[in-house]
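Subject: Structure handover

Hello,

Here is the structure I said I would pass on. Please open it beside this message and look up the residues as you read.

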Amino acid sequence: MEIEDPETVAKREFNKFDNEGTGLMETNKLAELLNILELETEPDYVQYMASKLDSDNTGVILLNDFLAEFFPFQVNIESPKAFTLYHYNGLQQLSDGGKVVFARGSAVILGEAGGTSSESTLSNCLHTKWPGIVVHWDNQTEPKII
């Protein structure tokens, strides 16, 4: 039997809390996940880590943020060339009946080409991280960020 490294175990267990497959879990599940992973579960520590991992108070923790915090030397820092991109605005007036709603798109990184403008669009925001990104949104409409 092959022994799994701690990061692989953490990803698998995190994904059990990620019902939508979005790389997100509810912040209120952090203590349970830490317990499963046999990490510190003292309530003050869990509260501190929850506020650190969910600093904007959206109620969700990103898988990559979790791994970077608890497994910093094992996180692969190379970005994939193609990936599924999820967008969550978080503005209550734009949500669907108060539910968390995501927009999904297929992203491809095409080298370093691209640029930004002064417009406040999601594409311009993404170009600050990946200058050559091209995204095809599932509903054919780019989500709004303001």
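Below is what was found in it, starting with the chain as a whole and then going into the details.

**Overall**

Please keep in mind that this is a predicted model. The chain has 146 residues, and 30% of them are buried. Its secondary structure consists of 5 helices and 5 strands. Read from the N terminus, the order of the elements is α-β-α-α-β-α-β-β-α-β. The accessible surface is about 10100 Å², and carbon and sulfur atoms make up 50% of that. If you take the contacts with a separation of 6 or more, 53% of them join residues 24 or more positions apart.

**The nonpolar cores**

In soluble globular proteins, nonpolar side chains tend to be buried together. Here the largest nonpolar core has 18 residues, and L30 and F66 are the members that touch the most others. Four elements give two or more residues to this core: α1 (6-16), α2 (30-36), α3 (43-53) and α4 (63-70). Another core lies apart from it and has 11 residues, including L85, A103, A107 and L122.

F66 is a good residue to start from when you look at the larger core. Which residues does F66 contact, leaving aside its neighbours within four places in sequence? They are A10, F14, L30, L33, L34, L37, L53, I61 and F71. Note that L30 is on that list.

**Aromatic rings**

A pair of aromatic rings is described by the distance of the centres and the angle of the planes. How many aromatic pairs does a search of the whole structure find? It finds 2. One is made by F14 and F66, with 5.8 Å between the ring centres and 45° between the planes, and it is tilted. This pair links distant parts of the chain, since F14 is in helix α1 and F66 is in helix α4, 52 residues apart. F14 and F66 are both buried.

F66 and F70 also pair: their ring centres are 4.8 Å apart and their planes are at 40°, so this pair is tilted as well. F66 and F70 are 4 residues apart in helix α4, which is about one helical turn. Both of these residues are buried. Taken together, F14, F66 and F70 form one aromatic cluster.

**Salt bridges**

Side chains of opposite charge can pair when their charged atoms come close. The structure holds 6 salt bridges. Three of them are described here.

- K11 and E7: the closest N and O atoms are 3.9 Å apart. Both residues are in helix α1, 4 residues apart, or about one turn of the helix. K11 is partly exposed, with a relative accessible area of 35%, whereas E7 counts as buried at 9%.
- E13 and R12: the N to O distance is 3.5 Å. E13 counts as buried, with 8% relative accessibility, while R12 is partly exposed at 36%.
- D138 and R104: the closest N and O atoms are 2.6 Å apart. This pair links distant parts of the chain, with D138 in the segment after β5 (133-137) and R104 in strand β4 (residues 103-109), 34 residues apart. D138 is partly exposed at 41%, and R104 is partly exposed at 44%.

R12 and E13 also belong to a network of salt bridges that links E4, R12, E13 and K16.

**Helix α5**

Helix α5 covers residues 122-129, and S123 is in it. Which residues of α5 are buried? They are L122, N124, L126 and H127. The elements that cover these buried residues include β3 (82-87) and β5. L122 has already come up, as one of the members of the 11-residue core.

Is S123 buried, partly exposed or exposed? S123 has a relative accessible area of 26%, and because buried means under 20% and exposed over 50%, S123 is partly exposed. S123 and I133 are 10 residues apart in sequence, and their C-alpha atoms are 8.3 Å apart in space.

To find your way around, you could begin with F66 and its contacts, then go to the salt bridge between D138 and R104, and end at helix α5.

Regards

Notes. Residues are numbered from 1 along each chain as its sequence is written. This is a predicted model: local features need pLDDT of at least 70, side-chain atom pairs count only at pLDDT 80 or more; totals for chains, interfaces and linings use all residues. Side-chain values use heavy atoms; hydrogens and water are left out. A nonpolar core is a set of buried Ala, Val, Leu, Ile, Met, Phe, Trp, Tyr and Cys residues joined through side-chain atoms within 4.5 Å. Buried means under 20% relative accessible area, exposed over 50%, partly exposed in between (1.4 Å probe, protein chains only). Contact means heavy atoms within 4.5 Å. Accessible areas come from the Shrake-Rupley method with a 1.4 Å probe; for residues, only the protein chains shown count as cover. A salt bridge is a side-chain nitrogen of Lys or Arg within 4 Å of a carboxyl oxygen of Asp or Glu. Rings of Phe, Tyr and Trp (its six-membered ring) pair if their centres lie within 6.5 Å; planes under 30 degrees apart count as stacked, over 60 as edge-to-face and the rest as tilted.
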